[in-house]
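Hi,

Here is the structure I promised to pass on. Have a look at it first, and my notes on what turned up follow below.

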Amino acid sequence: MMKVIQAEVFLVVLEEGSVAAAARQLGRSRTTISSVLSSFEDELAVTLFERSGNELAATPIAWAIKPDCIRLLQSARQIEQRCQQQRSGIESTLRIARDDALPERFWRETMTALKQQFPLTGISVYLAPPQELPELVDWQSVDLAFGLAQQNEPHESLQFRPLGGLRVMMVTGPEHALCRLPLVHDDDLQQYTQVTTAYLQDDLLVPQLSGASNYLALTQFELIRDAVISGAGWSRLPQPVIMEQLKNEQLRVLKHPGALNWQSYQLICEQGYAMGRVASWLEQQVVRYLTQFG
């Protein structure tokens, strides 16, 4: 059966053009290199090099199998690297669900840095409303979830780990009628559309309502934000996704007693879940980002 060392020796001899040069590069004796090369030819039942004294000339079949041997060597090295990675506590794959309470720019930069730090780990990321995250972990659809804490039914099998706090702000566009009121009451809110979160509950799409009898429900905070900017209504939105819009006065905080609230941002995993190095690194990046809002 073909061995990796045979392909490696073959490629070095092919590149160097002699057994002696290959032996020097690989740090082995010429006898060992010749023996491995001969066994490779016997294994394949072909002649890879025409020999004339100390000179070697590669045959056409040698050049033909060169790309395959390179791929074989690369695959073998990747197998070893993946196994070494597993032995050192680096996950081979990691499935993540998250909401969009933290800006897309943060996640884009974090995922790029993660792949640079752990290039062999396969990462899958699923975007979902925060209300759906516990079920995704509970069903083992994902390994971890990151999102705003919700008042979900208790899950004995899950762990909810607070990572930091975020302000959730009650906002509208600057031209909305609610912005002109010196003080906004709950009765005022009832007169206008609340743009809120939509999520799946028992296979039905339902809205998360708070203080409004009419609503527009969307599945992402950024979609909700853009709808509010366009004048669709008022909403409660996490600070990170509206900072720029507040600064540019595309959005304004309502003068309502409950306009500013703190909400926990959390990591969700199964009870007893063993955090590997990739998951721990990602958790640290989220915690570091959240400290600016603490």
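Before the pocket notes, one bit of vocabulary: helices here are DSSP runs (H or I) of at least four residues, numbered from the N terminus, and a residue counts as lining a pocket if it has an atom within 4 Å of one of the pocket's grid points. Please keep in mind that this is a predicted model.

With that in hand, which helix gives the largest share of the lining of the second largest pocket? That would be α5, with 4 residues. Helix α5 covers 104-117, and α8 (221-229) and α9 (243-247) also put in at least two residues each. The lining has 15 residues altogether, and P103, R105, P240, M243 and Y289 sit nearest the centre of the pocket. Sorted by class, you get 7 nonpolar, 6 charged and 2 polar residues around that space. The volume of the second largest pocket comes out at about 290 Å³.

Now to the N-terminal end. UniProt, in an unreviewed entry, has the feature "domain: HTH lysR-type" at residues 2-59. In the model that span is 62% helix and 14% strand, and its end C-alpha atoms are 19 Å apart.

Two helix pairs there are worth a look on screen, and α3 (residues 30-44) is in both:

- α1 with α3: helix α1 runs over residues 4-16, and its axis comes within 9 Å of the axis of α3, crossing at roughly 110°. The two are therefore roughly perpendicular, since that label covers angles of 65 to 115 degrees. On the α1 side the contact uses I5, Q6, A7, V9, F10 and V13, and on the α3 side I33, V36, L37, S39 and F40. That contact has 9 nonpolar and 2 polar residues, with no charged ones.
- α2 with α3: helix α2 (residues 19-26) packs on α3 at about 110°, with the axes 8 Å apart. That makes this pair roughly perpendicular too. V19, A20, A22, A23 and L26 of α2 meet R30, I33 and S34 of α3. By class, this contact has 6 nonpolar residues, 1 polar and 1 charged.

So I33 is on the α3 side of the contact with α1 and also in the contact with α2.

Finally, a couple of backbone oddities. Q140 has a phi near 60°, a positive value in a residue that isn't glycine, and Q140 is in the loop between α6 (133-138) and β5 (144-148). D203, also not a glycine, has a positive phi of about 70°. You'll find D203 in the loop linking β7 (194-201) and β8 (204-207).

Cheers

Definitions and conventions: Residues numbered from 1 in each chain as written. Predicted model: local features only at pLDDT ≥ 70, side-chain atom pairs only at ≥ 80, totals over all residues. Heavy atoms only, no water. 1 Å grid on protein atoms, 1.4 Å probe; cavity = no way out; pocket = protein on both sides within 12 Å on 5 of 7 lines; lining within 4 Å. Points joined across faces, edges and corners; volume = space filled by probe spheres on them. Nonpolar A, V, L, I, M, F, W, Y, C, P; charged D, E, K, R; others polar. Axes fitted to C-alpha atoms, helices over the stretch in contact; angles between N-to-C directions. Parallel < 35°, antiparallel > 145°, perpendicular 65-115°, else oblique. Contact = heavy atoms within 4.5 Å. UniProt positions renumbered as here; feature names shortened; annotations may be inferred.
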